[in-house]
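Reader: I'd love a close look at one part of this protein, taken slowly, with its surroundings filled in. Could you walk me through it as you would at the bench?

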Amino acid sequence: MRTIVGIDVGGSTTKIVGFSIYEDEKIELVEPQIVRATDPITSIYGAFGRFLETNNLELRDIDRVMMTGVGSTFVTKPIYSLKCRSVPEFTSIGVGGLYLSGLDEAIVVSMGTGTPVIHAKRTGKRTAEINYLGGTGIGGGTLIGLSRKILGVDTIEHIEQLCRGGDLNKVDLRVKDISDTSLFPNINHELTASNFGKLSDMANQHDIALGIANMVAETIAMIAIFAARMHKLDKIVLTGNLTSFVPIRDTIVRLGPSFNVTFLVPDNAQFGTVIGAALLGLEE
């Protein structure tokens, strides 16, 4: 058995995954893991050690290591003498999104600190054409930064707890608030006309937290929808850390029917990029 390891080194987390290849060429995904650390080198070695221990693997079982993410540039020499290669993050996002969704073509969105948008199209069993379409600086960094400044809360878990008691009617201006709904029968009147456009003096921390999350979610959703329309697609695959943040994930998914698209959140969506990096090792 040989195992190809993928490592995605982000700004605050490092993700690691593996694909084991058996003698009969059967390929099996090894359960992904995540480590949080402020120093990328520390997080890489911590993630690698935990990965080996958890999956009962030895260094001799590892065939190669595929590195991606903004922090991968800090790795300038082999990890435990293992062969390492850096692969483009956008390529990893597209390949991972197709693998997780089972689609042959899709718009793949990686919702991390910021949000890149990728058009991915399968060209062979293990090959794909990947195009970076652009993206937005709105993402998890926006959510945490605004929550820290406005609410004094900067952990994802606490922000999500605040969102649960929020009421967007005290924060956002909706289509129904500014128009005669009978004049626009084909528009969802619950759609937001202006984020924070109806911020009430009575809005509390819960309402504002939900408003911030809603603004991030709607910005990401609309950019992805525009990309899907450009390529005449109706499937958008969501990946990245924010897929595990329920208020944002559910808001994006709910927007799909209003714009004739389907947002997919596959299993292991949080690990889409690192899975794509490992798959690129399989291609080799």
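What follows is a look at one strand and its sheet, and then at other parts of the model.

Reader: Please take strand 2 as the part to look at: which strands does it pair with, and how many bridges join them?

Author: Happy to! Keep in mind throughout that this is a predicted model. Strand 2 covers residues 13-21, and it belongs to an open sheet of five strands in the order 3-2-1-4-5, where the pairing is mixed. At the edges are strand 3 (27-36) and strand 5 (84-86), each of which pairs on one side only. Averaged over the sheet, neighbouring strands are turned by 20° against each other, if direction is ignored.

Let's start with the two partners of strand 2. On one side, eight bridges join it to strand 1, and the two run antiparallel. In this pairing aspartate 8 stands opposite lysine 15 of strand 2. On the other side, strand 3 is also joined to strand 2 by eight bridges, and this pair runs antiparallel too. Two bridge partners help you trace that second pairing: threonine 13 is matched with arginine 36 in strand 3, and serine 20 with glutamate 28 in strand 3. Strand 2 and strand 3 form a hairpin with five residues between them. In the turn, glutamate 25 has a positive phi of about 70°. As general background, strands of a sheet pair through backbone hydrogen bonds, either parallel or antiparallel.

Now for the surroundings of the strand. Nine of the nine residues of strand 2 are buried, so the strand is largely enclosed by the rest of the structure. Thr13, Lys15, Val17, Phe19 and Ile21 point one way, while Thr14, Ile16, Gly18 and Ser20 point the other way, and all are buried. Helix 8 (residues 272-283) packs on this sheet and touches strand 1, strand 2, strand 3 and strand 4. The direction of helix 8 makes about 35° with that of strand 2.

A residue in the neighbouring strand shows how these pieces meet. Threonine 3 is found in strand 1 (residues 2-9). Its relative accessibility is 0%, and because buried means under 20%, threonine 3 counts as buried. Leaving aside neighbours within four places in sequence, threonine 3 is in contact with Gly18, Phe19 and Ser20, and also with Leu57, Asp61, Ile62, Asp63 and Arg64.

Further along the sheet, strand 4 (residues 62-68) is joined to strand 5 by three bridges, and these two run parallel. There, methionine 67 stands opposite serine 86 in strand 5.

The model has another sheet to set beside this one. Five strands form an open sheet in the order 8-7-6-11-12, again with mixed pairing. Its edge strands are strand 8 (128-136) and strand 12 (262-264), each pairing on one side only. Here neighbouring strands are turned by 25° against each other on average, direction ignored. Helix 2 (residues 89-101) packs on this sheet, touching strand 6, strand 7, strand 8 and strand 11 (235-239). The direction of helix 2 makes about 60° with that of strand 7. Within the sheet, strand 6 (residues 105-110) and strand 7 (residues 115-122) run antiparallel and are joined by five bridges. Valine 109 has valine 117 in strand 7 as its bridge partner.

One more stop is the second largest pocket, with a volume of about 370 Å³. Of the 18 residues that line this pocket, Leu168, Asn214, Glu218, Thr251 and Arg254 are the closest to its centre. Helix 6 (205-230) and helix 7 (246-255) each supply at least two lining residues. Helix 7 gives the largest share of the lining, six residues. By class, the lining has seven nonpolar, five polar and six charged residues.

Helix 6 also holds glycine 211, which counts as buried because its relative accessibility is 0%. Not counting residues up to four places away in sequence, glycine 211 touches Leu168, Val171 and Phe196. Glycine 211 and asparagine 55 are 156 residues apart in sequence and 41 Å apart in space, C-alpha to C-alpha.

To come back to your strand: strand 2 has strand 1 joined to it by eight bridges and strand 3 by eight bridges, and nine of its nine residues are buried.

Terms used: Residues are numbered from 1 along each chain as its sequence is written. This is a predicted model: local features need pLDDT of at least 70, side-chain atom pairs count only at pLDDT 80 or more; totals for chains, interfaces and linings use all residues. Side-chain values use heavy atoms; hydrogens and water are left out. On a 1 Å grid over the protein atoms alone, a cavity is a set of points where a 1.4 Å probe fits but cannot get out, and a pocket is an open set with protein on both sides within 12 Å along at least five of seven lines; lining residues have an atom within 4 Å of a point. Grid points are joined across faces, edges and corners, and a volume is the space filled by probe spheres set on the points. Helices (H or I, at least four residues) and strands (E, at least two) are DSSP runs, numbered from the N terminus. Ala, Val, Leu, Ile, Met, Phe, Trp, Tyr, Cys and Pro count as nonpolar, Asp, Glu, Lys and Arg as charged, and the others, Gly among them, as polar. Two strands pair if DSSP finds at least two bridges between them. Axes are lines fitted to C-alpha atoms, for helices over the stretch in contact, and angles run from 0 to 180 degrees between N-to-C directions. Contact means heavy atoms within 4.5 Å. Buried means under 20% relative accessible area, exposed over 50%, partly exposed in between (1.4 Å probe, protein chains only).
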